[in-house]
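This briefing is meant for a reader who is meeting the structure for the first time. Please look over the sequence and the model before reading the points below.

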Amino acid sequence: IMDILSIAGNKITIAASDGKKAKILSTDIQNLDFTDLKGNERHFTKMPDYKNLVEIKYDGKAKWYQLYDKNAYDRSTTVQDYIYVGSKGYFFSILKNNQKKLKEFFADRADLFPLIDKINYNRLNEDDLYALLKKYEE
């Protein structure tokens, strides 16, 4: 068993079946794959220029990562979404108009605009983004 929130820290806490806990430096891990308690396959990897492991949410022509980080103020865990297409990257934020930025990002694919319009202005629904990236693969 692993504390998923420990992904955001310097050490990842893992509990063995006998209940003993171990902490592993996140810098010592290049890839981490496991099945969570809900039965979902989870895949984490190192991303250049980012100190912690990132979760791979989609891996195709476009790549979607979730970055977990600790808030410096209250130590809560924040989740940030980032997509790459080739060398272009886009970081989702509640402070940006994600629809407008995604239309700029995918400007060469006007057929994606109806799917982009379904994405909330500043809140990301994972199913909507997954559908957008699947359509981009076509």
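What follows is a short overview, and then notes grouped by topic.

The structure is a predicted model of a protein chain of 138 residues, of which 34% are buried. Its secondary structure comes to 3 helices and 8 strands, and read from the N terminus the order is β-β-β-β-β-β-β-β-α-α-α.

**Overall shape, surface and charge**

- Taken along the principal axes, the C-alpha atoms of the protein chain fill a box of roughly 55 × 35 × 25 Å.
- The protein chain exposes about 8700 Å², and carbon and sulfur atoms supply 50% of that area.
- The protein chain carries 23 positive and 21 negative charges, and the mean positions of these two sets are 4 Å apart.
- Of the contacts in the protein chain between residues at least 6 apart in sequence, 29% join residues at least 24 apart.

**The nonpolar cores**

- In soluble globular proteins, nonpolar side chains tend to be buried together.
- The largest nonpolar core of this model has 17 residues, and those with the most contacts inside it are I83, L102, F106, L129, L132 and L133.
- Strands β6 (62-70) and β7 (77-85) and helices α1 (98-105) and α3 (126-137) each supply at least two residues of this core, and α3 gives the most to it, with 4 residues.
- A second, separate core of 8 residues includes I12, I29, F34 and F44.
- When its neighbours within four places in sequence are left aside, L102 is in contact with I83, Y90, F92, I116, I119 and L132.

**Strands β3, β4 and β5**

- Along strand β3 (residues 31-35) the side chains alternate, with L32 and F34 pointing to one face and buried, while N31, D33 and T35 point to the other face and are not buried.
- Strand β3 runs antiparallel to strand β4 (residues 41-46), and 5 bridges join the two; across this pairing T35 stands opposite E41, and F34 stands opposite R42.
- F34 therefore has two roles to follow in the model, since under 20% relative accessible area counts as buried: F34 is a buried residue of β3, and F34 is also included in the second core.
- The hairpin that β3 and β4 form has 5 residues between the strands, and G39 in its turn has a positive phi of about 85 degrees.
- Strand β4 also pairs with strand β5 (residues 53-59), in the antiparallel sense and over 3 bridges, and in this pairing L53 of β5 is the bridge partner of K46.
- The hairpin of β4 and β5 has 6 residues between its strands, and D49 takes a positive phi near 65 degrees there.

**Strands β7 and β8**

- Strand β7 and strand β8 (residues 88-91) run antiparallel and are joined by 4 bridges, with G89 in β8 as the bridge partner of Y84.
- These strands, β7 and β8, form a hairpin with 2 residues between them, and G86 in the turn has a positive phi of about 65 degrees.
- T77 lies in strand β7, and T77 counts as partly exposed because its relative accessibility is 25%.
- The C-alpha atoms of T77 and Y136 are separated by 30 Å, and these residues are 59 residues apart along the chain.

**Two exposed residues**

- S17 lies in the loop between β1 (11-15) and β2 (21-25), and S17 counts as exposed because its relative accessibility is 86%.
- S17 and F92 are 75 residues apart along the chain, and their C-alpha atoms are separated by 37 Å.
- E138 has its place in the segment after α3, and with a relative accessible area of 65% E138 is exposed.
- Not counting residues up to four places away in sequence, E138 touches K61 and R109.
- The C-alpha atoms of E138 and V79, which are 59 residues apart along the chain, are separated by 28 Å.

Note on methods: Residues are numbered from 1 along each chain as its sequence is written. This is a predicted model: local features need pLDDT of at least 70, side-chain atom pairs count only at pLDDT 80 or more; totals for chains, interfaces and linings use all residues. Side-chain values use heavy atoms; hydrogens and water are left out. Buried means under 20% relative accessible area, exposed over 50%, partly exposed in between (1.4 Å probe, protein chains only). Contact means heavy atoms within 4.5 Å. Accessible areas come from the Shrake-Rupley method with a 1.4 Å probe; for residues, only the protein chains shown count as cover. Lys and Arg count as positive and Asp and Glu as negative; His and the chain ends are not counted. The place of a charge is taken as NZ of Lys, CZ of Arg, CG of Asp or CD of Glu. A nonpolar core is a set of buried Ala, Val, Leu, Ile, Met, Phe, Trp, Tyr and Cys residues joined through side-chain atoms within 4.5 Å. Two strands pair if DSSP finds at least two bridges between them.
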